[in-house]
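I opened my notebook to look through a structure that was new to me. I kept each entry short.

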Amino acid sequence: MHGLWILLRAHYSARAPQLGPRMITVVIPTLNAETGLAATLSALVPAAVEGLVREVIVVDGGSVDATLRIADGCGARIVKTAAGRGQQLAAGAEAARMPWLLFLHADTVPEPGWEAEASKLMERQDLGQMPTGAGVFRFALDDIGLWPRLIEFGVAMRCHLLRLPYGDQGLLVSKTLYREVGGYRSLPLMEDVDLVRRLGRGRIMLMRSRAITSAVRYRRDGYLRRSLRNLSCLLLFYLHVPAGIVARLYR
C-alpha cells in the first residue's frame, strides 16, 4: 500500500481526471495512531486514483510510535503541532491547498465507494443544485454483537433528529464554508460539536456511506460507561460548562 500511495502522489497530477473545484484535501489529526492510520490512508487510494483526493495532510500532536513513519511512507504531508485535536484540525485546514476539506480521525475508515457519493455532493453544490452544506458519514463500529449495533442506532437517531454528528463521522466541507463559520477552535474537547453548531442544522447533510470507527475505546472502557460519559459531556457543553472542565471530567 505504501508504494502505491507514493506512486499516486508522484503521478496523479498528470494522470488523474481534472475535476476543477471538486478536489479534496484530507486532514487527519494524529497522536500515536500507528494502529489505525494505514487503514485510513488505504481507504483514500481509490479517491486519489479518481483525482478526487489531491492532498493528504497528517497533523501530528507529538507521536512517539510509528505514526510519522507510516504517514511519510504513504506520501502524506506532515504538519506538527502541540497535542489537541481542535488546534491540529485547524492547522491542517490552514495548510490545505484544495477547495474542499475532508476531516477524518486516524481510526476511522470510509467504506468502499464513499468517493462517488462525496463527488456527487460536491458537484451538486458547485452547480447550485442543492444548498451549501457539510457532508458527514453514517457512523459504524468495527465490532460484532448487540452493543455496537445499539450505539450505531443511537448515533443515527441523534443525527436524524438533531443533526449533531461527531468527528468520528468525518466532515466534508468546502473551504469557503469552513472559513465562513470560523473553522475549528482550539478547544480541549468538543471541537467537533462546536463547529457543527456553528454550521447549523440546515447545513448538515447525512450521507449514505459509512465511516467505520475502531471500537477499541468502547471495548476498553465498556460500551455503556463510555456512552454515558459521552452523553454527559455533551450535556455539560450545551449547558455552557467551560470545555476545559468538560475535558477533565471526560478523562
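The entries below go from strands to helices, then to loops, charged pairs and a surface patch.

**Starting point**

I note first that this is a predicted model.

**Strand β4**

I began with β4, residues 100-103. Which of its residues lie on each side? I found W100 and L102 on one side, and L101 and F103 on the other. All four are buried, so both faces of the strand are covered. I recalled that side chains in a regular strand alternate between the two faces of the sheet.

Next I looked up the partners of β4. Strand β1, residues 24-30, pairs with β4 in the parallel sense, over four bridges. In that pairing I24 stands opposite W100. Strand β7, residues 171-174, pairs with β4 in the antiparallel sense, also over four bridges. Here L102 faces L172 of β7.

**Helix α6**

I turned to α6, which spans residues 114-126. The helix has 13 residues. From first C-alpha to last it reaches 18 Å, close to the 18 Å expected at 1.5 Å a residue. Its buried residues include W114, E115, L121 and M122. The polar residues S119 and Q125 are on that buried list too. Just after the helix, G128 has a positive phi of about 75 degrees.

I also checked G113, in the loop between β5 and α6. G113 is partly exposed, at 37% relative accessible area. Its C-alpha is 7.5 Å from that of S209, though the two are 96 residues apart along the chain.

**Helix α11**

Does the length of α11 agree or disagree with its residue count? Its 16 residues should span 22 Å at 1.5 Å a residue, and the end C-alpha atoms are 23 Å apart, which agrees. I then listed the buried residues of α11: Y223, R226, N230, C233, L234 and F237. They cover an arc of only 105 degrees around the axis, so they sit on the same side of α11. On the other side I found R225, L231 and L235 exposed.

**Two positive phi values**

I recalled that most residues other than glycine have a negative phi. So I noted two residues that depart from this. N32 has a phi near 55 degrees. N32 lies in the loop between β1 and α2, and is partly exposed at 38% relative accessibility. M190 has a positive phi of about 65 degrees. M190 is in the loop between α8 and α9. M190 is buried, with a relative accessible area of 9%.

**Salt bridges**

How many salt bridges does a search of the whole structure find? The count is 13. I looked at several of them.

R210 and E111 meet with an N to O distance of 3.0 Å. This pair links distant parts of the chain: R210 is in strand β8, E111 is in the loop between β5 and α6, and they are 99 residues apart. R210 is partly exposed at 31%, whereas E111 counts as buried at 18%.

D143 and R219 form another salt bridge, at 3.5 Å, N to O. D143 lies in the loop between β6 and α7 and R219 in helix α10, so the pair ties together parts that are 76 residues apart in sequence. D143 is buried at 18% relative accessibility. R219 is partly exposed at 45%.

D194 and R198 pair within one helix, α9. They are four residues apart, about one turn of the helix. Their closest N and O atoms are 2.6 Å apart. Both residues are buried.

I also marked a network of salt bridges that links R220, D221, R226 and R229. R226 was already on my list of buried residues in α11.

**A nonpolar patch**

Which residues make the nonpolar surface patch? I found L146, W147, L150, L224 and L228, with an area of about 510 Å². The elements that give two or more residues to the patch are α7, residues 146-162, and α11, residues 223-238. The largest share, three residues, comes from α7. I checked one member, L228, which is in helix α11. L228 is partly exposed, at 47% relative accessibility.

Definitions and conventions
Residues are numbered from 1 along each chain as its sequence is written. This is a predicted model: local features need pLDDT of at least 70, side-chain atom pairs count only at pLDDT 80 or more; totals for chains, interfaces and linings use all residues. Side-chain values use heavy atoms; hydrogens and water are left out. Patches are made of residues with over 30% relative accessible area and no salt bridge: like charges are joined within 9 Å, nonpolar side chains (Val, Leu, Ile, Met, Phe, Trp, Tyr) within 5 Å. Accessible areas come from the Shrake-Rupley method with a 1.4 Å probe; for residues, only the protein chains shown count as cover. A salt bridge is a side-chain nitrogen of Lys or Arg within 4 Å of a carboxyl oxygen of Asp or Glu. Buried means under 20% relative accessible area, exposed over 50%, partly exposed in between (1.4 Å probe, protein chains only). Two strands pair if DSSP finds at least two bridges between them. The expected span of a helix is 1.5 Å times one less than its number of residues. The arc is that of the directions from the helix axis to the C-beta atoms.
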